[in-house]
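This briefing covers annotated spans, aromatic pairs and one buried position. Please read it alongside the sequence and the structure.

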Amino acid sequence: MQFQISDELIEKIRFLIEEKNDEELLLHLEDVHHADIAEILTELNLDEATYLVKLINSEKTAEALMELEEGVRERILENLSPKEIADELNEMDTDDAADIISELSPELQQDVIAEIEDEEHADHIVELLRYDEDSAGGLMAKELVKVNENWSVTGCMAEMRKQAENVTRVHSIYVVDDKNKLKGRLSLKDLLTASSNANISDVYIPQVDYVNVHTEGEEVARIMQKYDLEAIPVVDEMGRLVGRVTIDDIVDFIREEAEKDYQMAAGISEDVEADDNIFKQTRARLPWLLIGMFGGLGAASIISGFQTILTDYKELLIFVPLIQATAGNVGVQSSAIIVQGLANDTLKGNIVSRLAKEFGLALINGISIALIVFVISTYFFHTSFNESVSIGVALISVIVIAALIGTFIPIILNKNNVDPAVATGPFITTSNDVFGILTYFLIAKAILGF
């Protein structure tokens, strides 16, 4: 049965914290999953959440802290001493512990690392902090099960039991040589059915997918998705096994990247959360709003330059919002498809063939929409035949131009190592608004004889 976090439960917990009734409080939360603990911490104020983290055993709160939003977690950690933070890190896998440490100030990082009792655990965390957080080295955990190719099957079983104590989930058993270089992987079935006198070198599988510590997170995700892997080993420049990236880390990475791309597409230039302060959110939003403002001013200046034609054909002004909205929508649609293809590495063919395909698609859509608008403008807005033709031709032209811009820009940005997700936001919308208005009036001017 799913655990329900009700208002009554939160009030009960608050009451027990206020009364400092630790015994009953622990009884209430004894069998509660760490994900539900995280949700409870989110509902409490900072002092209450801190009290709860200090009260519950570190094994459960360590997992709960990883489930929290970064902003909430940072505020709770600020209320803990370096020793208390270190106690939490002792219960975490090295990759999660490194993520927590990276959120702290440099001074606090040193104090916390100094308080970690397990020196090997601390060394592993420090090692992970050296890598870029979006690389395989930054995503990997040091906990894994590995065996030497020269070991016997009997000796291997004893060593694996010892290593498995520090590994939450054993996805794979990796085989290394005397220099710790990755040689392959070991099937548990082959290990169990092999003769106890056999060597690992006789039963291991030499084919194994792996990544380098500097491999980008997107590439790691692509490889794991392509080969349906639950974990992938990570090697250094000399081919030595240094860690593994597991599927849960990649899922978290993909989710974070998707959130960043979504914010960028919406015109938010840096990673922000709903709980961030007003100054950080303003800094993230304002640049794109300013770009949109200047784009709007550009469109307004274009309209003002065609006042002569608007004096005689006022109906043309009615369709300006239609032109702008259509241009923006088509541009965003085209760029979104391209960005998705680039992210999934499914975009095939050269840029010319891609533009040709988008041109054909835009032409079909443009003609379909233009015919509908032609009928509506003629019979409902009572525009003249030439005006309706101008609007229809302009719509076709605007849709084609917007589709080509929405296709071309992300590809060019990607080739120049710029995140193409930026193209799906106000950049495409604003540029297509301006080009759309200019195209609209130039076509109207040519057809109406101005």
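With a relative accessible area of 26%, F374 is partly exposed. The model it belongs to is predicted. The points below start with the aromatic pair that includes F374, then turn to a cluster, a helix, a serine and the annotated spans.

**Aromatic pairs**
- Across the whole structure, a search finds four aromatic pairs.
- One of them joins F374 and F385 edge-to-face, with 85° between the planes and 5.9 Å centre to centre.
- F374 belongs to helix 21 (residues 351–379) and F385 to helix 22 (residues 385–415), so this pair ties together parts that are eleven residues apart in sequence.
- F385 counts as exposed, because its relative accessibility is 56% and the cut-off for exposed is over 50%.
- F374, at 26%, is instead partly exposed.
- Y440 and F441 form another aromatic pair, this one tilted, at 5.1 Å centre to centre and with 50° between the planes.

**Aromatic cluster**
- Y440 and F441 are both buried.
- Together with F306, Y440 and F441 make up one aromatic cluster.
- F306 falls within residues 288–310, a span that UniProt gives as a transmembrane region in an unreviewed entry.

**Helix 23**
- Helix 23 covers residues 426–448, and its 23 residues should span 33 Å at 1.5 Å a residue.
- The end C-alpha atoms of helix 23 are 32 Å apart, which agrees with that expected span.
- G449 follows helix 23 and has a positive phi, near 80°.

**S390 and its contacts**
- S390 is found in helix 22.
- The relative accessible area of S390 is 0%, so S390 is buried.
- Leaving aside residues up to four places away in sequence, S390 touches I443, A444, I447 and L448.
- An α-helix has 3.6 residues a turn, so residues three or four places apart point the same way.

**Annotated transmembrane regions**
- The unreviewed UniProt entry places the feature "transmembrane region" at residues 288–310, 316–339, 359–381 and 393–413.
- In the model, residues 288–310 are 91% helix and 0% strand, and the C-alpha atoms at the two ends of this span are 31 Å apart.
- Residues 393–413 are 100% helix and 0% strand, with end C-alpha atoms 30 Å apart.

Definitions and conventions
Residues are numbered from 1 along each chain as its sequence is written. This is a predicted model: local features need pLDDT of at least 70, side-chain atom pairs count only at pLDDT 80 or more; totals for chains, interfaces and linings use all residues. Side-chain values use heavy atoms; hydrogens and water are left out. UniProt positions are given in the numbering used here, feature names are shortened, and annotations may be inferred rather than shown by experiment. Helices (H or I, at least four residues) and strands (E, at least two) are DSSP runs, numbered from the N terminus. Rings of Phe, Tyr and Trp (its six-membered ring) pair if their centres lie within 6.5 Å; planes under 30 degrees apart count as stacked, over 60 as edge-to-face and the rest as tilted. Buried means under 20% relative accessible area, exposed over 50%, partly exposed in between (1.4 Å probe, protein chains only). The expected span of a helix is 1.5 Å times one less than its number of residues. Contact means heavy atoms within 4.5 Å.
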